[in-house]
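The following exercises concern the chain shown below. Each task is followed by a solution that proceeds step by step.

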Amino acid sequence: MVAPKEVFWLAVAMIGLFYLTSPTEAKCATLPELDGKLIKHPNNPAVYIVHRGCKRHIPNPLTYNQLFVNWGCIKPNHLTNALCTCAPISNGALLIKGPTGPAVYLVSDGGKAHIKNPDTFNRYCFDWNKIRVVPDFVVKCLRTLPQIAV
């Protein structure tokens, strides 16, 4: 069963798309309210993380297991197919931090994205035990991507 709140936000997003674009251009919705949620459509095994309102495919179990607490974080969601699709999480993505500071980063897409705070980290269901400590020069050498925040 689809939660009433999710149906409401999907309806709001779709109405906005129809008013801002022609009906032939309205193909998907962005729902920032779902940021940090791990979702899958009940009839499809593909798993996504919602980030900046769109779904990002997690390419395989190895990548999933290197980032997230467990498979129980994934929630079936009938809105999955309606969400816009963004670039997938990179195969082999990692969580890293340097030895001298508290900042934690998601390494994906050829760079590092700072995870703003513990609340954001937990909302995304990232696993504190899967953070790899790397030398500071490695952290500094990676291209900086937009921060992950909710």
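Which residue of β9 does Ala113 stand opposite? Ala113 stands opposite Leu145 in β9.

The model is predicted: local features require pLDDT of at least 70 and side-chain atom pairs pLDDT 80 or more, whereas totals for chains, interfaces and linings use all residues. Residues are numbered from 1 along each chain as its sequence is written, and side-chain values use heavy atoms, with hydrogens and water left out.

**Exercise 1. Describe the chain as a whole.**

Step 1. Establish the secondary structure. The chain has 4 helices and 9 strands; helices (H or I, at least four residues) and strands (E, at least two) are DSSP runs, numbered from the N terminus. Along the sequence they follow the pattern α-β-β-β-α-β-β-β-β-α-β-α-β.

Step 2. Assess burial. Of the 150 residues, 41% count as buried. Here buried means under 20% relative accessible area, exposed over 50%, and partly exposed in between (1.4 Å probe, protein chains only).

Step 3. Consider the surface. The chain exposes about 8300 Å², of which carbon and sulfur atoms supply 63%. Accessible areas come from the Shrake-Rupley method with a 1.4 Å probe, and for residues only the protein chains shown count as cover.

Step 4. Examine the range of contacts. Among contacts between residues at least 6 apart in sequence, 64% join residues at least 24 apart; a contact means heavy atoms within 4.5 Å.

**Exercise 2. Trace the sheet that contains β7, and explain why one side of β8 and of β9 lacks a neighbour.**

Step 1. Determine the strand order. An open sheet of 5 strands runs β8-β5-β6-β7-β9, with mixed pairing. Two strands pair if DSSP finds at least two bridges between them.

Step 2. Identify the edges. Because β8 and β9 stand at the edges with a single partner strand each, one side of each is left without a neighbour in the sheet. Neighbouring strands of this sheet are turned by 35° against each other on average, direction ignored; the axes are lines fitted to C-alpha atoms (for helices over the stretch in contact), and angles run from 0 to 180 degrees between N-to-C directions.

Step 3. Follow the pairings of β7. Strand β6 (residues 105–108) is antiparallel to β7 and joined to it by 4 bridges, and Val107 stands opposite Lys112 in β7. These two strands form a hairpin with 2 residues between them, and Asp109 in the turn has a positive phi of about 60°. With strand β9 (residues 143–148), β7 pairs in the parallel sense over 4 bridges.

Step 4. Check the cover of β7. Of the 5 residues in β7 (residues 111–115), 4 are buried.

Step 5. Complete the sheet at β8. Strands β5 and β8 run parallel and are joined by 3 bridges; Ile96 has Arg132 in β8 as its bridge partner.

**Exercise 3. Characterise the second sheet.**

Step 1. Read the order. An open sheet of 4 strands has the order β3-β2-β1-β4, again with mixed pairing.

Step 2. Locate the edges. β3 (54–57) and β4 each have a single partner strand, so one side of each is without a neighbour in the sheet. The twist averages 45° from one strand to the next.

Step 3. Inspect one pairing. Strand β1 (residues 38–40) runs antiparallel to strand β2 (residues 48–51), with 2 bridges joining them; Leu38 has Ile49 in β2 as its bridge partner.

**Exercise 4. Analyse the aromatic pairs and explain why the pair Phe68 and Phe126 counts as stacked.**

Step 1. Count the pairs. The whole structure holds 6 aromatic pairs. Rings of Phe, Tyr and Trp (its six-membered ring) pair if their centres lie within 6.5 Å; planes under 30 degrees apart count as stacked, over 60 as edge-to-face and the rest as tilted.

Step 2. Apply the criteria. The ring centres of Phe68 and Phe126 are 5.5 Å apart and the planes lie at 10°, so the pair is stacked.

Step 3. Place the residues. Phe68 lies in the loop between α2 (61–67) and β4, and Phe126 in the loop between α3 (118–123) and β8 (131–133), so the pair ties together parts that are 58 residues apart in sequence.

Step 4. Compare burial with the cut-off. Phe68 is buried at a relative accessible area of 2%, and Phe126 is buried at 4%.

Step 5. Extend the view. Ring pairs link Tyr64, Phe68, Trp71, Phe121, Tyr124, Phe126 and Trp128 into a cluster.
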